[in-house]
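User: Please take a close look at the cysteines in this model and say which of them are bonded. Then move on to the surroundings you can describe.

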Amino acid sequence: MNIPVLPENKLSAVAPLKQLNVEKKEVELILVKEQNGVQYTNSSIVGSPSSPGCTSGSADVEERETWGKKLDFLLSVIGFAVDLANVWRFPYLCYKNGGGAFLIPYILFLFIAGMPLFYMELALGQYNREGAATVWKICPAFKGVGYTVILIALYVGFYYNVIIAWSLYYLFASLTNELPWLKCGNPWNSPNCTDPLLSNGSFLANGTSYAKYKNTPAAEFYERGVLHIHESKGIHDLGLPRWDLTLCLVVVVFILYFSLWKGVKSSGKVVYITATMPYVVLLVLLIRGITLPGAMNGIREYIYVDLNKLNNPQVWIDAATQIFYSLGAGFGVLIAYASYNKFDNNCYSFFSGFAIFSVLGYMANRHGVEIKDVATDGAGLVFIIYPEAISTLPGSTFFAIVFFIMLLTLGIDSAMGGMEAVITGLSDDFKILKRNRKVFTFATAFGTFLVALFCITNGGIYVLTLLDKYAAGTSILFGVLIEAIGVSWFYGVDRFSEDIERMMGFKPGIYWRVCWKFVSPVFLLFVVIASIVTSSELKYDDYIFPYWSHVVGWSIALSSMLFVPIYALYKFLCMPGTLKERIAYCITPEHEHHLVTEGNVRQFKLKHWLAI
């Protein structure tokens with residue numbers, strides 16, 4: 001398939017093209033073979049027929065696999081974007097921030113920032129057919145942001161796999177006639193364990209909300225039976241890894257390895273199960289949930305519109321940050337997945353809340369408390385409140401099994417995406433890793449396993465909380481901001497639009513170009529500043545983390561963010577020429593470096609910085 005070259009006046013360059021000494025080139029993508037349902041393409045630079053000085057096929061030929069079907073790619077993207085946060089974070093944020101009113105800022109930010117950035121990453125990966133690092137051949141000084149998002153994806157894998165291991169542990173524990181978190185009297189229970197079905201709610205007389213009460217059978221199973229947090233005094237007292245959680249973690253790592261070891265031809269098939277299963281399970285749980293006593297009360301609380309909440313700036317900040325977790329932009333995953341698309345492919349979590357809040361309404365009705373007393377987010381929702389509700393239902397074993405299968409598949413999908421971003425990003429940059437993909441995939445999976453062992457010790461929940469706070473908080477927002485600036489202002493929206501026109505046959509509309517150039521960068525800057533200003537004290541329940549743990553946390557965050565300025569400085573120092581020429585080399589696409597002279601740097605700025 002030959003990709004037509006745009007007219008000379010539309011080619012992006014630092015200086016005007018001169019027909020005598022600059023030859024036009026085009027990209028030729030040739031389908032060379034199809035193996036096991038996966039198509040491979042050869043990319044080569046060939047000379048224009050009007051340029052006799054260039055020999056066809058003279059450039060290096062590189063083989064890159066593509067998705068066997070468009071559905072493989074679509075399900076992989078959906079599977080990554082729809083993760084555990086859609087179950088334990090979004091429904092609670094919606095309830096806390098005015099119910100249906102929360103959708104107003106959420107949908108607004110979705111259109112002005114979320115969708116444009118989502119589209120940008122997909123197009124960027126597909127056109128350049130590179131991972132998160134080498135895709136920055138379009139603007140070499142920004143390659144550091146590629147390493148930033150790769151490192152963030154690796155950090156997230158350190159603790160995200162542990163949450164999947166918890167889900168697997170609960171799944172195994174559910175294979176009994178009576179769920180182990182239904183009653184007190186188990187070896188892990190404390191003398192203070194209180195069965196809420198027998199106490200008639202008297203244990204809440206001191207004003208403690210039900211969600212925060214730690215002596216119910218379900219809460220003690222999670223904190224004492226699974227985490228063993230009672231055997232740790234804090235983050236300074238971790239202990240040894242728990243053998244049962246270690247086995248679950250080993251299973252998770254092996255699932256990830258065998259899902260990714262052959263690239264998209266293996267992961268593209270796995271997602272047919274892992275990306276669709278959660279929707280089936282969620283539908284089953286919703287149908288069962290709405291038949292429970294008090295379910296409608298929970299749903300009404302969930303969708304109740306309280307417009308007064310919109311006066312609170314925190315509501316808008318929550319909506320802005322949730323966009324990134326809902327769409328998955330900024331982790332390098334969308335770039336990696338899209339890089340395996342065919343060149344001309346068209347790359348154009350509210351539902352879970354109903355299932356969750358129908359059950360929360362049932363719990364509130366059963367214990368005679370208000371919805372706000374049982375509503376919570378995070379692990380407490382999916383590993384304490386929801387399992388407790390399931391344990392009181394007829395057929396509880398069945399519903400527990402399908403619920404934790406849903407959590408398992410949600411987690412596996414997202415973990416696959418994060419690990420693929422690391423593998424693709426580094427293997428595209430270091431060809432020896434690409435030639436030994438299976439070994440590199442195993443090394444990556446085993447490396448995340450070793451670090452994850454710290455999270456399955458007696459005090460492992462403190463390590464996990466620290467990583468969750470700092471590994472992908474401000475740093476991921478910073479990475480997306482730099483990415484947006486690099487594409488829109490240094491590479492240029494005009495260039496980027498022409499790239500998309502080469503792929504799809506038409507330019508993006510003015511809406512996309514204005515969002516990429518102005519709206520999205522301003523939005524991202526606002527979110528980064530807000531995340532720093534509103535940063536709260538790090539704690540887990542009543543445990544307040546010591547000062548040194550914050551230093552460790554910010555060191556983790558900075559370790560990824562510092563790649564941006566360090567690599568830019570390194571690239572500047574390595575470039576030849578005068579000061580202005582070095583700057584031009586750093587911000588000019590690699591294939592245009594031969595056009596750079598000191599005299600046309602200013603022209604480049606005027607042409608691409610102001611263009612839309």
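Analyst: Cys184 is partly exposed, because its relative accessibility is 28%, a value between the 20% and 50% cut-offs. Its partner in the predicted model is Cys193, and a disulfide joins the two with an S to S distance of 2.0 Å. That distance satisfies the criterion, because a disulfide is a pair of cysteine sulfur atoms within 2.5 Å. Cys193 has a relative accessibility of 15% and therefore counts as buried. The link between Cys184 and Cys193 is left-handed, with -80° about the S-S bond. The disulfide count for the model is 1.

Two other cysteines can be described briefly. For Cys574, the closest cysteine sulfur belongs to Cys586 and is 9.0 Å away, so the separation is too far for a bond. Cys515 is buried, with a relative accessible area of 5%.

Aromatic residues come next. The model has 43 aromatic pairs. One of them is formed by Tyr462 and Tyr540, edge-to-face, with 6.0 Å from centre to centre and 90° between the planes. Tyr462 belongs to helix H20 (residues 460-470) and Tyr540 to strand S4 (residues 539-540), so this pair ties together parts that are 78 residues apart in sequence. Both Tyr462 and Tyr540 are buried. One aromatic cluster includes Trp166, Tyr169, Tyr170, Trp181 and Trp188. Phe221, Tyr222, Phe383, Tyr386, Phe403 and Phe404 also belong to that cluster.

Helix H5 covers residues 143-173. Its 31 residues reach 46 Å from the first C-alpha to the last, close to the 45 Å expected at 1.5 Å a residue. H5 nevertheless has a kink of about 35°, centred on Phe158. The helix is mostly covered, with 29 of its 31 residues buried.

Ser475 is in helix H21 (residues 474-504). Its relative accessible area is 0%, so Ser475 is buried. Leaving aside residues up to four places away in sequence, Ser475 touches Ile152, Tyr470, Ala557, Ser560 and Met561.

Tyr470 appears again in the surroundings of His550, a residue of helix H23 (residues 547-561). The side chains of His550 and Tyr470 are joined by a polar contact of 2.9 Å. With the same sequence neighbours of up to four places left out, His550 touches Tyr470, Leu538 and Phe545. His550 counts as buried because its relative accessibility is 18%, and the cut-off for buried is under 20%.

Leu433 lies in helix H18 (residues 431-435). Its relative accessibility is 23%, so Leu433 counts as partly exposed. The C-alpha atoms of Leu433 and Ile423 are separated by 8.4 Å, and these residues are 10 apart along the chain. Among residues beyond four places away in sequence, Leu433 touches Leu426, Ser427 and Phe440.

To return to the request, the bonded cysteines are Cys184 and Cys193. Of this pair, Cys184 is partly exposed, whereas Cys193 is buried.

Conventions
Residues are numbered from 1 along each chain as its sequence is written. This is a predicted model: local features need pLDDT of at least 70, side-chain atom pairs count only at pLDDT 80 or more; totals for chains, interfaces and linings use all residues. Side-chain values use heavy atoms; hydrogens and water are left out. Buried means under 20% relative accessible area, exposed over 50%, partly exposed in between (1.4 Å probe, protein chains only). Helices (H or I, at least four residues) and strands (E, at least two) are DSSP runs, numbered from the N terminus. A polar contact is a pair of N or O atoms within 3.5 Å; within protein, one must be able to donate a hydrogen and the other to accept it, and residues adjacent in sequence count only if both atoms are side-chain atoms. Contact means heavy atoms within 4.5 Å. The expected span of a helix is 1.5 Å times one less than its number of residues. The bend at a residue is the angle between axes fitted to the seven residues ending there and the seven starting there. Rings of Phe, Tyr and Trp (its six-membered ring) pair if their centres lie within 6.5 Å; planes under 30 degrees apart count as stacked, over 60 as edge-to-face and the rest as tilted.
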